[in-house]
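Reader: I would like a close look at a single part of this model, with its surroundings described carefully and each term given its cut-offs.

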Amino acid sequence: MSTYVVVGLQYGDEGKGKITDVLSAKSDYVVRFQGGDNAGHTVYVGEEKFVLHLLPSGVLQCKGKCIIANGVVVNPKSFIREVGQIESKGLRTDHIFISRRAHVIMPYHILLDTYREEEHGGTQIGTTKKGIGPCYEDKIARIGIRMVDLLNPEILRDKIEKNLKVKNSLFEKYYDKPTLDVEEIYNEYLEIGKQLQERIVDTELELNEAIRDGKNVLFEGAQALMLDIDFGTYPYVTSSSPSTGGVCTGAGVPPTSLKNLIGVAKAYCTRVGNGPFPSELDNELGESIRQIGGEFGATTGRPRRTGWLDLVSLKHACMINGINNLVITKLDVLTGIENLKIVTHYKTEDGKIIDYFTSSTEKLYNYEPIYQDLPGWNEDLTKVRSYDELPDTAQKYIEFIEKYLGINVYLVSVGPERSQNIIRKELF
């Protein structure tokens, strides 16, 4: 059974897009199973840079099909825009399909997201204002519009009318904002449905059949475990489950089908937006890592907060995900730092030393990280392609991570190019 899942283990931006791109060359299917166009997956092909938000990162290399599954919330305008961008580069897009069950991000979702953030002065969650959260809210409230509804005029009109009755009242009476027009939105999204109708299919049927037939199926997550709605730093999280468990509900496949669970983490740590970050380097070194690593959001352009690698949170993420193959990215960024630090424990507010992650986000702000010091290296790693060529201190850095987590690092990334990898074993 050839199934592969790629998930992030930190706060997103770990380089999942690159890993998915590399693995997709041998995949029959590449599947996005949660999130929306708030994701930002950057893939480099030679001098060409592709920033993908909604489309699976495997779209550039997969010779089979690319699926946006039912757990994704889809902004169809973003989908059409990204497809156009890919086609403008001379690449095919006829292999991209969307689940009939995927929920649609409507204009009122985006406005609601924006108005909420404005109300809180942009300081609450740090949303990308893409309408992701409000769309998931409507899904859970059982009033959402699904892709299949775009193909049924009567159902589409009825759902838009019912939703706007509530949303317009909220916009007008609470936010003091203009209302939206039912007819305008209905006509626009009915036309979008006609444009996309050949791509809207029952993806879960085909995926389960492909798994039974032994096809290589690659599932790609967005965001990361520390932003998981249940197991992340709530409420500074995303609105879905970017975990390996999220694959089952997000793509309609059973847990017994998932075999190769690949977790991606940077050799250091970054975070975008608000929320606790115990190992943060809010200093000159942190800024240096930000600049060298190009740590600016692919979707928003926001500078990412930077910090030392946190093995306490990483162990938590590996446990929840059941990771059996680890990827460490951006090892090259740490070149030139004489003394490296890795978080191995936390000291709680009452002086207790722990090596597990807390459910209390408020307490985490007051936890003091306890570090293990490791020597750095000065050699350029960007041209290294075998593990033995790494400096001894870089090898010791990787091996310290492996020993702490009890998981083998199967791939080390030493640059943004799809060829800049040290592959220690082949998964396919």
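Where is the place of S88, and what can be said about its surroundings?

Author: S88 has its place in helix α2, where helices (H or I, at least four residues) and strands (E, at least two) are DSSP runs numbered from the N terminus. This is a predicted model, in which local features need pLDDT of at least 70 and side-chain atom pairs count only at pLDDT 80 or more, whereas totals for chains, interfaces and linings use all residues. Residues are numbered from 1 along each chain as its sequence is written, and side-chain values use heavy atoms, with hydrogens and water left out.

S88 is exposed, its relative accessible area being 58%; here buried means under 20% relative accessible area, exposed over 50%, and partly exposed in between, with a 1.4 Å probe and protein chains only. Another serine, S279, lies in the loop between β12 (269-271) and α9 (284-293) and is buried, with a relative accessible area of 1%. Leaving aside residues up to four places away in sequence, S279 touches C269, G307, W308, D310, V343 and Y371, contact meaning heavy atoms within 4.5 Å.

From S88, one can follow α2 back to K77, which is eleven residues away in sequence and 17 Å away in space, C-alpha to C-alpha. K77 belongs to the contact between α2 and α6, to which α2 contributes P76, K77, F79 and I80, and α6 contributes E188, Y189, I192, Q195 and L196. These residues divide into six nonpolar, one polar and two charged, given that Ala, Val, Leu, Ile, Met, Phe, Trp, Tyr, Cys and Pro count as nonpolar, Asp, Glu, Lys and Arg as charged, and the others, Gly among them, as polar. The axes of α2 (residues 76-88) and α6 (residues 182-196) come within 11 Å and cross at roughly 45°, which makes α2 oblique to α6. Axes are lines fitted to C-alpha atoms, for helices over the stretch in contact, with angles running from 0 to 180 degrees between N-to-C directions; angles under 35 degrees count as roughly parallel, over 145 as roughly antiparallel, 65 to 115 as roughly perpendicular, and the rest as oblique.

The strands add a wider setting. An open sheet of ten strands has the order β9-β7-β5-β2-β10-β1-β11-β15-β19-β20 and mixed pairing, two strands being paired if DSSP finds at least two bridges between them. Its edge strands, each paired on one side only, are β9 (200-201) and β20 (421-423). Starting from the β9 edge, strand β7 (residues 96-99) pairs with β9 in the parallel sense over two bridges, and I98 has I200 of β9 as its bridge partner. Helix α12 (residues 392-405) also packs on the sheet, where it touches β15 (325-329) and β19 (409-413), its direction making about 145° with that of β15.

Further along the order, β5 and β7 are joined in the parallel sense by three bridges, with I68 standing opposite I98. Strand β5 (residues 65-68) also runs parallel to β2, to which four bridges join it, and within that pairing V30 has C66 of β5 as its bridge partner.
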